[in-house]
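Here is a set of questions about how the labels on a model are earned. Each answer sets a value against its rule.

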Amino acid sequence: MTERKGTQRRTGKRPGTAASRGPSPVRGTRGHSRQTRRRRPSRPAGLAGQRGRLTIGLVFILFGMTALAGRALQLQAIEAPAYASSAASGIQRAYTLHPDRGQIIDRNGTVMAASEPAVLVFADPLMISRNGVDERVSMGPLQTQKAAAAPKAIAKVLAKYLGGRPEDYRDIVTKRDPDGSLARYAPVKRHVPSYTYDLIKKDLAAGKWYGINTTPDPVRSYPAGTVASNVIGFVNSEGQGAGGLEYALDKQLAGTEGKESYEASTYGRIPLGRATLVPAVDGTDYTLTLDSTMQLTTQNALAAAVESTGATSGQAIVMNVKTGEVLAMASMPTFDSSNLSAATSNELVNHAVQDAYEPGSVQKVLTMAALADQGLVTPDSHVEVPPSISSGGGTIKDAFSHDKLDLTARGVVAYSSNIGTTLLTRTMDKAVLAKYLKSFGLGATTGIGLPGEATGSVPGPTMADFTRDQISFGQGLSVTAIQQAAAVAGIVNGGVYHSPTIIKSARNGQGEPVKVPASTTRRVISAKASAQVRDMMEAVVTLAPDRAVPGYRTIGKTGTAQRIDPSCHCYRGYTASYVGVGPAESPSILAYVVLNNPVKGHEGSAVALPVARQILSVALPRYGVEPSTSKPPKAVLEYKP
Amino acid sequence: MSAEIATPEGRLRPTGAERRRRPLLSAVPGSRHRMSGLAFAVVVLLVLALGLVAALVLNTTLQSQSAQITEKKAAVESLSHRQAAISSQVDVKRSPTQLEAAAARLGMVPNVAPAFIDLRTGKVIGTPHKVTGTELKGLLDAPVSAGIR
């Protein structure tokens, strides 16, 4: 502005410049025009008409231009974002990226559960009928001929890779909707491995056949079949965990979906186009403490016993005494995780953690541990065992009838005398007993991380006297197999209890270690008391020659409990069990076997003990336990009064 | 802080005679070679044409590379599907159920009387003896529900 003013000022000073000359011709023109008007007065109307037309034309042009400019403004400025976004969305392709579900492997890396990329193959019968030619386009004779051959050719390719005969697929590829028109969607097969579909796709492309499509449908495979299926669990038809660890760890196993979007044209992805990629985060991989080979052995041994005894179910646990790691957890009857439709509800239950039952005489190990830790009992304590004793309103008897017996505490355990145990337990305060049971982990879940874990129930410190009598030999309280196995393991492990674990480690989708529920460790009884209990438990094994595991000194305890029938709330049937631990010198492997409602034989020593013995005879060498070099001491079971 | 060195007066200052000889302003000599309008237009068009060709070549290269990437990605995906299919077969073969069956077919039986050799002393721990395969009959004759249905 200032510069222009300056220029004007400067030019104004100089005469003869354009600025000063300017006005004169204008004035002249005006003068001329005035002169013209005066000179030709005869044609003012014509000129006015011309000017009017010109004005009108100009106005029209003005309107037209304004309208065009307005429209341009509308398109370019006001509606532009909408058009731009609709154009952008037209070329935008967005996909959900599916994460891989985490694997579950055993302690040696054997795959227990894994996801394999797979697809649901479906046909588009309408597209097949025109072999990919758009419905709006009329087909030429060659195209019509090819389209007519399409269903047969496609059915042949499908049969080649998906099994069956081509005729089996003819109905699918020519499926019609209820209204008679050709369908647009006809599922062919679920869970087709992606590789198989790649081969199908290649064949279809080679023959230029169209109309077969897919959607992702990953398949969860359980290569080991029924091995540990009650622990691993299963996924439902949507691929979500619905049982076992698959259910308990579903969120972590599933991972997080990702998203990819990019710009594409008919010819594919536009290079340098706008693209976003949020990668999917794969699920967490879990390593279990289970040993699948040991698991199979355990399942075989248990299954044979469940069948031979006619038991309704059974559970067995193999545990590392020194760490609390579960090496095998069997539940019978079992199922195949990949063939869920054939499974019954009894098969789907993990009896080892979901069943609470009265443990019977195995409980005597816990009772003796509490008594020994309190200094109330040693293996050689003398107990005068009468044929029966009264308790509350009833009588306590032993499983075998006898006259008065003079037993050592060791003898009480070896012969599994209910009366002897009760008499010894009566010397202990009830509240102290309740405290011990709680510290052994009874009455609460173990935190192993398996779904549906039962707590069992243990009477509190104010229990009645007859309840104290009952629970001393394993009645009037309920436990789960995993609680009982962990409790016995803690007692024989020098008195140090490790809460049981079944998940060893985990790695998330990025390969970073993830925290898993750790074992909690606590001292439950003294090392001296632990040695005394082991002494008593060895007498159980040395009582009969067929109880020993060849080559090893082992310790154990039998259990035969009457079962409470929930329908009548009375005792009906038995729970036969046995806990075996080896080697006696330095306990490292524990096997606990429970058979529910066996009908051909019901005593723990007769039906459960052989199973535990078989398991231990495989497990001890398997885990590098050296055969025992010493002979078991001669057990003194009775005394001379 | 920086300081400028003071220039000695008079030495750089032109004398009065010099001032008079040089005019206050003079025209800058124009470029001797002025390009003709036609040549300029040709050069501009050439540059434009070259630029367009270069852009076209670049675009085509990118497009073909993109196509290659897509092709390779598809190949990678197909190979990864193949790998998944094969490794799932391996998983099945590695499973204890299959291994046990394969071992049994080879005539192998569970050994319940193992012996350990202490390599430091050469001492044998345990009593090795021949196994017949009947020691753990229950394990071998387990009902089918324990393994594969």
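Q: What makes α2(B) oblique to α3(B)?
A: Helix α2 (residues 37–94) of chain B and helix α3 (residues 96–105) of chain B cross at roughly 60 degrees, and their axes come within 5 Å. Angles under 35 degrees count as roughly parallel, over 145 as roughly antiparallel, 65 to 115 as roughly perpendicular and the rest as oblique. The crossing is therefore oblique. Axes are lines fitted to C-alpha atoms, for helices over the stretch in contact, with angles from 0 to 180 degrees between N-to-C directions. Helices are DSSP runs of H or I, at least four residues, and strands are runs of E, at least two, numbered from the N terminus.

Q: Which residues make the contact of α2(B) with α3(B)?
A: B:Val92, B:Lys93 and B:Arg94 of α2(B) meet B:Pro96, B:Gln98 and B:Leu99 of α3(B). Contact means heavy atoms within 4.5 Å.

This is a predicted model: local features need pLDDT of at least 70, side-chain atom pairs count only at pLDDT 80 or more, and totals for chains, interfaces and linings use all residues. Residues are numbered from 1 along each chain as its sequence is written, chains are lettered from A and ligands numbered from 1 in the order written, and side-chain values use heavy atoms, without hydrogens and water.

Q: Why are α7(A) and α9(A) called roughly antiparallel?
A: Helix α7 (residues 141–162) of chain A and helix α9 (residues 194–206) of chain A pack at about 155 degrees, with axes 10 Å apart. That angle is why the pair counts as roughly antiparallel.

Q: How is the area buried between chain A and chain B made up?
A: The area is about 3200 Å², and carbon and sulfur atoms give 62% of it. Buried area is the accessible area (1.4 Å probe) that two parts lose on being put together, summed over both. A:Tyr195, A:Pro271 and A:Asn300 supply 17% of what chain A buries against chain B, more than any other three residues. In contact are 45 residues of chain A and 33 of chain B.

Q: What makes A:Asp250 and A:Arg101 a salt bridge?
A: Their closest N and O atoms are 2.9 Å apart. The rule asks for a side-chain nitrogen of Lys or Arg within 4 Å of a carboxyl oxygen of Asp or Glu. The pair qualifies. A:Asp250 lies in α12 of chain A and A:Arg101 in the loop between β1 and β2, so the bridge ties together parts 149 residues apart in sequence.

Q: How many salt bridges cross the interface of chain A and chain B?
A: Zero. Over all chains the count is 22.
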